[in-house]
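Student: I would like a close look at one strand and the strands beside it. Please take the pairing partner by partner.

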Amino acid sequence: MAFVKDMVRMWLHAWKRFVSIALITLLGVAVLTGIYAGCRDAFLATDRFFDTQGLHDIQVLSTAGLTDDDIAALRKVSGVAKVQGERSQTVTVDLNGKKTVTMQEIGTNGIDQSYLQSGRMPEKSGEIAVTRKFIKDSGYKKGDHITVTPQDSASSSTSASSVSDSAESDNQAPSFPTKLTIVGVVLDPQDLTNPDGYSGTNAFRSSATSDYTFFAPSDGVTGSMYTAVTILVKGAADKDSFSDVYDDTVSEVADRIDGKVRKNRQQARHQELLDAGTKQIDEAKAQADKQFAAAQQQIDGNRSQLNQQIDQIVNMQAGTAAGSLDETTRATLRETVIAASPQLAEAKAQLDQAQSQLDRQKKDAEQTLQAKQKEMEDSIPQVRWYVQDRSQIGGFSSLKSDLESIQSLGNAFPIVFLLVAVMMSLTAMTRMVEEDRGLIGTYTGLGYGRLAVASRYLLFALLACLIGGGFGLIAGFLGIPAFLLVVLRGLYVMPDVRLEYDWLYGTAGVALFVVGVLAATVYACAQEMRQKPASLMRPKAPRAGSRILLERIKPLWNRMSFLGKVTARNIFRFKSRLIMTVGGVAGCTALIVCGLAINDTVAALGAKQYQDVYQYDLMVVANDDDADAMRQKVASDGHVTSSMDVRVESGDLTGDSGSESIQLVAVPDSERSEFGKMVTLQPVRSSWVDGAKSLFSGKSRASSSASSVSDSGASDANGTSGTKDAISLGDDGVIVSQSAASAMGVNAGDTVTLTNGNEVQADAYVSAVTRSVIGSDVYVSETYYHRLFDTAASSASSASSVSDSGESDNQTGENGSQLSDSGESDNKNGKSGTSNGASSNDQQLVWNAMYANLKGSGESQIAYAEKLEDDGAVMKAVSCAHMAESFKFDLMGAVVALIVALAGGLALVVLFTLANTNVSEREREMATLKVLGFFDKEVHHYVNREMMVLTMMGVVLGLPLGRFVGGLLTAALNMPALYFEVECKPLSYVIAAVATMAFALLVQLLVNPVLDRIDPISSLKSVE
């Protein structure tokens, strides 16, 4: 009992160490669990939402539409739970210019159900539900009426079905009502971006290919052909949508579909279209034969009548000898009769001419039908299926990437906190054990075991860790997630978000710090308990004096003051205290610098992209039909100093790491040499930070960097080329922006699959990756564009090969008003479009966009862009000056602010712990100084000067360390359309250094009263 009482008394006396260990554990556990818990809560909420709304696990698309037979085949696939055919159509709405809208049929089998936010779901023909984004942009409200225009009713079906409209009337492309009434506002589960938050203001975060989506009931929708088939996989809803287990479950079913089912249905559908076209031509041939037969019968009848008349005349002239005339004589007499009668000659000539004309018509008809047959066979594409999972949904992949990137920070920072916690615990517990060495010797001499004596300190450290860890869990699973979710809701709409506790992760987080602190405590106890009780009960002998390196530098040492020499000896003789103090301060300073470096990196993205990379001031985009009017409008305004026509399309880039939305920019061959004046094409190379992408993200890649591109130029710490060597746009490959290549793991020399605005896919060679930090631009020359997509489109027209290896991509698009010249309409996602210049058969592209440099200041350029937005011929006008000023990334800013605050708190606790430990182990020294006549302020100066010197040494070491760690962490932030070039401004170094020194001064104010309370008499009493 006395042992326990003494232990409790010892604990109460060491309350400062207890608080220090508890606070360090609190901060460490909070950092370890907080960012993880916030992202986990968002993951769980969205996963529940996806399961409730039935977000599809697999989507099947086809270049020739999908039929009920396709759905029946998919239902038979093992692992398929539900199958739903979807119908959609692309229309336009007049909203300060033409905007593209996807009319989407509300699913009837519980898949891809939109979430009702206000109003009611549409039930009747002409009723629709719209998204919050449309309400915000348009100013419409529930009950308002809208009129939409199909992009091209003539091309609302595939080329194959257009050949066989009459023969295959049951498979028509979907058509929706055009007079619409808004009855509700819904959230599309495929796009959770918050239009009311800051994500709605940044174009680079947009994942949708059309401007808006309207949801309509089945009532009023015509056409039985499906534009997509969505599938739910058995057991997938029970798994986390963002886990590898879910991916494996879905991949198994997708592989089954992508195998035999896909091949069989492609062949069957192609044969259906071919048979329907052949049937139509056969019917036309039969109709023509019938008409020719009737005409031939009429000619033959007239000729028979003419011959009868001639024979009557011949018989009259021959008289009684008419019966004995042979055929030769009779034929001669007939010719004589015809020659003698102009009327008979004319009648015969007319019959001969009619027969000749009929023969020509037969021959022409036969040639025409043969040509039609060949044209029909050529116009029917090789049917191709696309089997996609959730990773191809832009909104899903963006959400997953953002959360995983933020979570990667939460995986890295606790490592530093744990190391600092172990160092501080070792320092504190070592001093605590040394102070009780006499008592330890006494208990050991009395027969107490080493474990019993060590339990005094182990339980002390354990209780401090558990209390600190408990409060850390509260902060980690309640405080920090609540803060992060406020920011996340500004980026995404996430219904039913709950703050949930993860027992395994929370327990493991506390256990990690408990093990680290207890290991340090065991080490401290073992160091003392190895001695005999008699040695422990005697005061520890002072360390033998030794020279420090500074003493050997005579010119410097001789000029130092006495107190300066004492300070130098105290700092460098006690190496353990030097390492602990400098290491602890350096770690805290590095965390602050790291947070500020991430903040500087994000803050500099706008200026780097819109001032350094983009050399133009304005980008104007129009629909294809309005392209000429747009250029005339811009030219007539007189604000442009130079301009360049380009073609801009929304597309996709697919690589080994998945698929991402891109902006495909086609450049005229005549402008290729001048393109570098509008967009800086600068090669980039891999840097030392690129290897950290897989370190923190947990993803393996074939190469360490997506930005490893060019052998020219030396790379700097940011991963950008140290030279200004420019790369040129050639006709042998595409140039991918670094911000797109980084997220996809694409390197120069790779082959990727590009999808253009017409949904035509082609394998493209990546000739280079150019420096870019925002956006997902892919640049292609006019010649290479035609080579890619014209070849891909035309190769599909060959009907001679139906095998899987001969299939080519031949779908048309959803980007504005775009359709290939072959007349094929889009059957992917049901988005059809009008004819555009992105055509096959080597026709000219329609240059629907313009890069321009403007006169005047940035304010006038922004005003001009806003003015252009109101013009009917302009679909979008983007001012680089406005984008550079308005770019922000609040999610990252919030995380950085949290990291800096926690790092500052850790620095304060570390300095306080070290200062108190320093004072406690030098209490006799301070008492001696007071006896020698030092005033309190002089004692303060004597002690604090050492701490300030050690703090400055830690700051000097921590500044470059923070820059290094910042580079590693920003490399781990793998986000679509963003590449983080590490940047740390000089002001950030100053802020980190000043903050750390300020914490040191604050700790001095807290420690000075402790120095004042030192009693020289009691402190100098000898144990003996």
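Student: How many bridges join strand E5 to E9, and do the two run parallel or antiparallel?

Tutor: Four bridges join E5 (residues 115-119) to E9, and the two strands run antiparallel. This is a predicted model, in which local features need pLDDT of at least 70, side-chain atom pairs count only at pLDDT 80 or more, and totals for chains, interfaces and linings use all residues. Residues are numbered from 1 along each chain as its sequence is written, and side-chain values use heavy atoms, with hydrogens and water left out.

E9 covers residues 179-187 (strands are DSSP runs of E with at least two residues, numbered from the N terminus). Strand E9 is mostly covered, with seven of its nine residues buried (under 20% relative accessible area, 1.4 Å probe, protein chains only).

E9 pairs (at least two DSSP bridges between the strands) with E5, as said, and within that pairing leucine 116 has valine 186 of E9 as its bridge partner. Valine 186 also stands opposite threonine 131. That contact brings in strand E6 (residues 127-131), which pairs with E9 in the parallel sense over five bridges.

E9 also pairs with strand E7 (residues 145-147), where the sense is antiparallel and the bridges number three. Here histidine 145 stands opposite threonine 181 of E9.

To put the senses side by side, E9 runs antiparallel to E5, parallel to E6 and antiparallel to E7.

Notes: Buried < 20%, exposed > 50% of the residue type's maximum accessible area, 1.4 Å probe, protein only.
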